[in-house]
Amino acid sequence: NNHFNSERISDAYNMRDIPPGLKYTAYRIFSAREQNRPFKIAFGGYSVTVGRGNYFHQSYPFMLKNLLTRPMELLGVELQVRNAAIGGVPSFPYGWCLDNFMGDDADVISWDYSMNEAGGVADGLEAYMRHGLSMKRRPMLIVKDTSIHFARDRYDLVQSYVDNGALKDPIVLSMEDAIESFLHLKEDLLPIGFQEWRKFGAPKGSPGQTSHHPGVKQHESYGWLLTMHFIAVLELVAVFASKDGIANAFSPTDAKEDSNMMLPAPIHGNNVAPKLFSLFYGYDTKHALASKQMSWKMNQVHCRTTYAPILNNNLQDIVVSGIVGDDRDIMRPRGAQLYNKGWVLDLGESEKNAKKKLERYGGLGYIDSKKAYYGIYASGQLELFLPCIGRDDILKKMQTSAEETPARECFHNVVVCEVNEKHTGKECNLEKDLSFLMGDFKSEEIELINAVGPSYWGRNICLRIGIPSESKLSKAEEKLNGDSNIGVSLTITVASTSVILRSGPCSISHVVWEQMDKIEL
């Protein structure tokens, strides 16, 4: 059997002392080789990962790509690296939209906690991890973080998920403690890799050249650290490829559990409202697996967003009516005349000013954008249709029965988020100034989500919209972007007459919904 072979081969090839995480990552890459598909590494994060102050191609994800592409090619594996970081974003709602930003077939995903979510708070990381573990390939996780002295809870969280078997091969990327002693030396005494440590790669004066953004040498160092880890993995891949039968011997022994996407009970999240808990951490199926005692599972969570860069599922895909000016250059001014006709795809003032500053330097290659649909009282209704995805049982029921189906039979939570940007207090109040109809019935249960992750500069940026009991599923006239044509309508209106363009419009950047799993009888 595989267990016996693994033991025997470990002895024969002196692999017994190799960390299991390296073996697991090696098997991931070897599997990509055997399936003749690319190995995909996708990076998430904010301005540090984007590479602010440098050119986009100088950010550490692309440093890794430049160093690792050739060794991967020599083993017959195409490496694809995606930098899907967006300047100034928190870990949620991004963590609900991993498929959008990183692709559902990513082999490795990451997030950067080195600046945001200060104090080493682990609640947001755990929710992010659990959504990552529910992706198609249960990808390897890279956590970029600050010193263990400031983020002990997050380090301990990652270790606990390794100990219980949920995470197979994560790594935490941090260099603060290691470089501290070097940076006190005089420049001419520093190793070459640490010289001009604070020098940026973009022209002097470029936006983002501040103390909290790494210079190009630090990005190179992050790239080398990751490369050295993967080079050690590739040595194992080379052994797998050259020794007949050895790869099968090290294939994951818990593949069945992986396919079931079962998770351990969450450790954090005590401050999350009970109605929202499953959206962050999943639910207990009450059918614990005897070997691992993992009985938790994530519901399907779907996201549509206007942010960039995304691979799929643009918010525009679910818009039925109410938008104007989508074909205009995003940098062109949008006046009251346009806003009076409908909701407008636009950038906030601070975001647009930042883009203008970048234009003076040719854009530096950046592709991230925090555009959103903005509306004022005069903009009228923004009508969306949220598809009920993957529930063929409900579709069949609606085709064979004249009885209407409650929206709650498919939808468990619906969330709307605004652009994360600085506010003065005069702008639209997400909770008080908007009105929502779900399936033609007004939602009276509206609450801001107070949790680690979906907040920015102390402002909660996401809103839970209660699903009225009277709301029913309906059929769209046609499938929207290939999605199911059954679902529920969501109509958003600026209800407050005080919301005008001058004071600050309301914005919608993400629409997220959690679906109920099909009940197996």
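Which side chains meet in a salt bridge at 2.6 Å, N to O? Select Lys 40 and Asp 105 to see that pair. Before going further, note what is on the screen. This is a predicted model, in which local features need pLDDT of at least 70, side-chain atom pairs count only at pLDDT 80 or more, and totals for chains, interfaces and linings use all residues. Residues are numbered from 1 along each chain as its sequence is written, and side-chain values use heavy atoms, with hydrogens and water left out.

**Stop 1: Lys 40 and Asp 105**

A salt bridge here is a side-chain nitrogen of Lys or Arg within 4 Å of a carboxyl oxygen of Asp or Glu. Side chains of opposite charge can pair when their charged atoms come close. By this rule the model has 19 salt bridges. In the pair you have selected, Lys 40 belongs to strand β1 (residues 39–43), while Asp 105 is in the loop between α5 and β3 (108–112). The two residues are 65 apart in sequence, and the pair links distant parts of the chain. Helices (H or I, at least four residues) and strands (E, at least two) are DSSP runs, numbered from the N terminus.

Now colour the two residues by accessibility. Buried means under 20% relative accessible area, exposed means over 50%, and partly exposed lies in between (1.4 Å probe, protein chains only). Lys 40 counts as partly exposed because its relative accessibility is 23%. Asp 105 has a relative accessible area of 18%, so Asp 105 is buried.

**Stop 2: Lys 144 and Asp 112**

Next, select Lys 144 and Asp 112, whose side chains meet in a salt bridge at 3.6 Å, N to O. Lys 144 lies in strand β4 (residues 140–144) and Asp 112 in strand β3, 32 residues apart. Both Lys 144 and Asp 112 are buried.

**Stop 3: Glu 447 and Arg 464**

Move to Glu 447 and Arg 464, another salt bridge, with an N to O distance of 3.3 Å. Glu 447 is in strand β17 (residues 446–448) and Arg 464 is in strand β20, so this pair ties together parts that are 17 residues apart in sequence. Glu 447 is partly exposed because its relative accessibility is 25%. Arg 464, at 7% relative accessible area, is therefore buried. Add Lys 275 and Glu 445 to the selection: salt bridges that share partners join Lys 275, Glu 445, Glu 447 and Arg 464 into one network.

**Stop 4: the disulfides**

How many disulfides does the model have? The count comes to 4, a disulfide being a pair of cysteine sulfur atoms within 2.5 Å. With the bonded cysteines of the chain numbered in sequence order, the pairing reads 1-2, 3-4, 5-7, 6-8.

Select Cys 97 and Cys 303, which are joined with an S to S distance of 2.1 Å. Cys 97 is in the loop between β2 (79–83) and α5 (98–102), and Cys 303 is in strand β8 (residues 301–305), so the pair ties together parts that are 206 residues apart in sequence. The link of Cys 97 and Cys 303 is right-handed, with 80° about the S-S bond. Both Cys 97 and Cys 303 are buried.

Then select Cys 417 and Cys 462, joined at 2.0 Å, S to S. Cys 417 is found in strand β14 (residues 411–417) and Cys 462 in strand β20 (residues 462–465), with their positions 45 residues apart in a pair that links distant parts of the chain. Their link is right-handed, with 105° about the S-S bond. Cys 417 and Cys 462 are both buried.

Continue to Cys 428 and Cys 506, also joined at 2.0 Å, S to S. Cys 428 sits in the loop between β14 and α16 (430–433), and Cys 506 in strand β23 (residues 506–508), 78 residues apart. The torsion about their S-S bond is about 90°, so the disulfide is right-handed. Cys 428 is buried because its relative accessible area is 2%. For Cys 506 the value is 0%, so Cys 506 is buried.

**Stop 5: helix α4**

Finally, select residues 60–74, which form helix α4. The expected span of a helix is 1.5 Å times one less than its number of residues. The 15 residues of α4 should therefore span 21 Å, and the end C-alpha atoms are 22 Å apart, which agrees.

Where does α4 bend by about 40°? Look at Leu 68, with the proline Pro 71 following within four residues. The bend at a residue is the angle between axes fitted to the seven residues ending there and the seven starting there. The buried residues of α4 include Tyr 60, Phe 62, Leu 68 and Met 72. Just after the helix, select Gly 76, which takes a positive phi of about 80°.
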